[in-house]
Amino acid sequence: MQVLADDDEHEGRERSESHEGRDGGTKGRMLTATNATFQAECSACHMAYPPGLLSAASWKEMMGTLDKHFDTDASLDEATIAEILPFLEANAGTSRKADSGAKPVLRITETGWFKHEHDEISPATWKRDSIKSASNCMACHTSADKGNFDEDNVRIPK
Ligand code: HEC
Ligand code: HEC
């Protein structure tokens with residue numbers, strides 16, 4: 001999992017904030033950083049994506065442009081943003097290539113590591129009715145909402 005934008009330092013923090021930790025049978029890394037406000041505000045339209053999957057620069061850009069959030073308005077008041085953004089930044093991944101350019105990537109699904117991890121999935125598969133969009137992690141990663149992207153929990157729906 002070296003491609004994943006993260007390091008030991010972050011893992012320590014994630015674990016200390018987590019109430020779940022690593023459960024017995026799970027080999028893969030867990031992204032279990034949690035924040036109640038983030039969970040409440042950022043899981044209405046899609047799962048609350050783990051902060052470790054984007055860089056701090058990406059989260060900062062995203063939280064500053066919520067009124068134009070992927071063609072929807074996901075605006076939040078300043079106090080709420082002031083609570084969520086530091087949480088995202090503190091648990092962000094240390095993305096290598098994705099954000100070295102001028103503009104931070106706002107989609108997890110457009111990062112280099114994401115494309116690399118999913119390069120065996122055909123364009124037709126992404127478009128299946130049961131999947132609809134690469135952004136729909138839960139369609140295949142059955143425990144994604146628990147921060148678990150381990151191979152053992154991947155099931156590509158028909
Ligand atoms: C009003 C609905 C709504 C809310 C609320 C919302 N989002 Fe989104 N978000 C979307 C839509 C729509 C997309 C695009 C999904 C797609 O292309 O399939 C998206 C995409 C994303 C993506 C990119 C996923 C990818 O393709 O890699 C991230 C990251 C994201 N949202 C983070 C957040 C965060 C953080 C919050 C809370 C501050 C939030 N969202 C709240 C509607 C919402
Ligand atoms: C069409 C099904 C599908 C969707 C949708 C999907 N993935 Fe995956 N993902 C896979 C497959 C298959 C693998 C490769 C499994 C393996 O061999 O480890 C993978 C691998 C990964 C890995 C590496 C896991 C590891 O331990 O090596 C991560 C992290 C990941 N996906 C995150 C995401 C995120 C985040 C989303 C949503 C933004 C997403 N995936 C959407 C099918 C999917």
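Which side chain has an N or O atom 2.8 Å from an oxygen atom of ligand 1? In this predicted model, the answer is arginine 107, whose side chain places an N or O atom at that distance from a ligand oxygen. Threonine 109 makes a similar kind of approach, with a side-chain N or O atom 2.9 Å from an oxygen atom of ligand 1. With these two contacts as a starting point, it helps to step back to the overall fold and then return to the two iron sites.

The protein contains six helices and zero strands, and reading along the sequence gives the pattern α-α-α-α-α-α. Of its 158 residues, 41% are buried. Contacts were also sorted by sequence separation: among those between residues at least 6 apart, 61% join residues at least 24 apart. One example of two positions distant in sequence is the pair valine 105 and serine 55, which are 50 residues apart along the chain, while their C-alpha atoms are 8.5 Å apart in space. Valine 105 sits in the loop between helix 4 and helix 5 and is buried, its relative accessible area being 16%.

The surroundings of ligand 1 come next. A total of 22 residues lie around this ligand, and those that come nearest are Cys42, Cys45, His46, His69 and Ser135. By residue type, the shell divides into 13 nonpolar, six polar and three charged members. Helix 3 supplies the largest share of the shell, contributing three residues. Besides the contacts to ligand oxygens described above, there is one to a nitrogen: a polar side-chain atom of histidine 46 lies 2.8 Å from a nitrogen atom of ligand 1.

Histidine 46 has a further part to play at the metal. The iron atom of ligand 1 has His46 and His69 as its protein donors, each through NE2, at 2.0 Å. Where do these two histidines lie relative to the helices? Histidine 46 is in the loop between helix 2 (36-41) and helix 3 (56-63), and histidine 69 is in the loop between helix 3 and helix 4 (78-90), so the pair ties together parts that are 23 residues apart in sequence. The geometry of the site is octahedral because the six donor atoms around the iron subtend angles of 88 to 180 degrees. In accessibility, the two ligating residues fall into separate classes: histidine 46 is partly exposed at 30%, whereas histidine 69 is buried at 14%.

The loop that holds histidine 69 deserves a closer look. Setting aside neighbours within four places in sequence, histidine 69 is in contact with His46, Met62 and Ala74; His46 is thus a contact of histidine 69 as well as a donor to the iron atom of ligand 1. Phenylalanine 70 belongs to the loop between helix 3 and helix 4, and its phi is positive, at about 45 degrees, although the residue is not a glycine. Aspartate 71, also placed in the loop between helix 3 and helix 4, has a positive phi of about 70 degrees, again without being a glycine. Phenylalanine 70 counts as partly exposed, with 35% relative accessibility, while aspartate 71 reaches 83% and counts as exposed.

Attention now turns to ligand 2. Which residues coordinate its iron atom? His118 and His141 do so, each through NE2, at 1.9 Å. Histidine 118 lies in the loop between helix 5 (112-117) and helix 6 (123-126), and histidine 141 lies in the segment after helix 6, so this pair ties together parts that are 23 residues apart in sequence. The site is octahedral, with six donor atoms and angles of 87 to 178 degrees among them. Are these histidines buried or exposed? Histidine 118 counts as buried at 15% relative accessibility, and histidine 141 is buried as well, with a relative accessible area of 13%.

Taken side by side, the iron of ligand 1 is held by His46 and His69, and the iron of ligand 2 by His118 and His141. The arrangement is octahedral at ligand 1 and octahedral at ligand 2.

Technical notes:
Residues numbered from 1 in each chain as written. Chains lettered and ligands numbered in written order. Predicted model: local features only at pLDDT ≥ 70, side-chain atom pairs only at ≥ 80, totals over all residues. Heavy atoms only, no water. Donors = N, O, S within 2.8 Å, 3.2 Å for Na, K, Ca; no water. Tetrahedral: all angles 85-135°; square planar, octahedral: opposite > 155°, others 65-115°. Helix = DSSP H or I, 4+ residues; strand = E, 2+ residues; numbered from the N terminus. Buried < 20%, exposed > 50% of the residue type's maximum accessible area, 1.4 Å probe, protein only. Near = heavy atom within 4 Å. Polar contact = N/O pair within 3.5 Å; in protein donor to acceptor, adjacent residues only side chain to side chain. Nonpolar A, V, L, I, M, F, W, Y, C, P; charged D, E, K, R; others polar. Contact = heavy atoms within 4.5 Å.
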